Amino acid sequence: MTAGMAFGNSAPDPSPYADEGPYGTPVAQHKKAGLTRRGKVAIAVAGVALVGGGTIWFQVHSAAVAKDEKEAAALQIQMKKLELEEIKIRNEQASTDKKVATASAEKIQVAVDKCVKDSSGLIGKGYGSPSRGDVVADCKQQYEATDGSGMEAAGNARGAGNGGGGGINSPALLGLVAGGGLAIAVFARKGKKADA
């Protein structure tokens with residue numbers, strides 16, 4: 001009797017060999033490795049979308065970079081214009097300052113020349129009388145001190161032939177003499193106290 005067969009109306013007994021066909025155990029079929037057709041289509045669509053999106057992004061990015069470069073170039077040109085305008089204003093100011101300084105130096109030089117001419121009667125009249133250089137230095141100091149704004153311009157505008165003896169000016173000499181006299185007086189007083 002074959003397994004799984006029964007007489008009558010009874011249900012067949014479950015058997016471990018029930019899967020057997022008339023020709024024995026069927027051979028299991030293995031699935032092919034790889035993607036299905038649906039998976040291949042999905043990967044192709046994703047690849048096209050990625051390439052298309054990348055191309056569009058590159059074009060947008062290139063346009064933005066070009067726009068930024070144009071704006072930067074325009075800004076540089078504007079900055080150069082402002083720098084040129086600033087240089088122009090500085091040159092005009094320097095020119096004005098130079099004219100004012102020259103005018104001030106000329107006024108000071110005229111006053112110094114007048115002072116030297118007025119004081120020329122004192123030059124070389126005897127022992128202790130000032131030399132021409134002393135008179136010129138005193139006059140320059142007197143008039144340059146009154147107009148401090150044009151002092152540098154007067155120094156630059158002075159001629160090379162206006163030089164004199166280059167001696168010590170009167171205030172320095174007066175200070176030196178006064179300091180020496182004060183020191184002698186102090187030492188003399190201390191000497192008197194020590195003797196008494």
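These legends go with several close-up views of a predicted model.

**View 1. The whole chain, four helices and no strands**. Start at the N terminus and the elements run α-α-α-α. Buried residues make up just 10% of the 196 residues in the protein chain. The accessible surface of the chain adds up to about 16700 Å², and carbon and sulfur atoms account for 62% of that surface. Look at the contacts with a separation of 6 or more: 58% of them pair residues that sit 24 or more positions apart.

**View 2. Helix α1 from end to end**. Here we follow α1, which covers residues 37–118. How far apart are the end C-alpha atoms of α1? They are 119 Å apart. With 82 residues at 1.5 Å a residue, α1 should span 122 Å, so the two values agree.

**View 3. The buried stretch of α1**. Zoom in on the part of α1 where Ser104, Ala105, Ile108, Gln109, Ala111, Val112, Cys115 and Val116 are found, and each of these is buried. Ile108, Val112, Cys115 and Val116 turn up again in the next view, as members of the largest nonpolar core.

**View 4. The largest nonpolar core, built from seven residues**. Joining Ile108, Val112, Cys115 and Val116 in this core are Val135, Val136 and Cys139. Which elements give two or more residues to the core? They are α1 and α2, the latter spanning 132–146. The largest share comes from α1, with four residues. As a bit of background, nonpolar side chains in soluble globular proteins tend to be buried together.

**View 5. A salt bridge between Glu86 and Arg90**. The count for the model comes to one salt bridge, and this is the pair: the N to O distance between the two side chains is 2.7 Å. Both residues belong to helix α1, where they lie four residues apart, or about one turn of the helix. Are the partners buried or exposed? Glu86 is partly exposed, because its relative accessibility is 39%, in between the 20% and 50% cut-offs. Arg90 reaches 57%, over the 50% cut-off, so this residue counts as exposed.

**View 6. A nonpolar patch on the surface**. Leu173, Leu176 and Val177 make up this patch, and together they have about 300 Å² of accessible area. Leu176 is part of helix α4, which runs over residues 170–195. Why does Leu176 count as exposed? Its relative accessibility is 59%, and exposed means over 50%.

Note on methods:
Residues are numbered from 1 along each chain as its sequence is written. This is a predicted model: local features need pLDDT of at least 70, side-chain atom pairs count only at pLDDT 80 or more; totals for chains, interfaces and linings use all residues. Side-chain values use heavy atoms; hydrogens and water are left out. A salt bridge is a side-chain nitrogen of Lys or Arg within 4 Å of a carboxyl oxygen of Asp or Glu. Buried means under 20% relative accessible area, exposed over 50%, partly exposed in between (1.4 Å probe, protein chains only). Patches are made of residues with over 30% relative accessible area and no salt bridge: like charges are joined within 9 Å, nonpolar side chains (Val, Leu, Ile, Met, Phe, Trp, Tyr) within 5 Å. Accessible areas come from the Shrake-Rupley method with a 1.4 Å probe; for residues, only the protein chains shown count as cover. The expected span of a helix is 1.5 Å times one less than its number of residues. A nonpolar core is a set of buried Ala, Val, Leu, Ile, Met, Phe, Trp, Tyr and Cys residues joined through side-chain atoms within 4.5 Å. Contact means heavy atoms within 4.5 Å.
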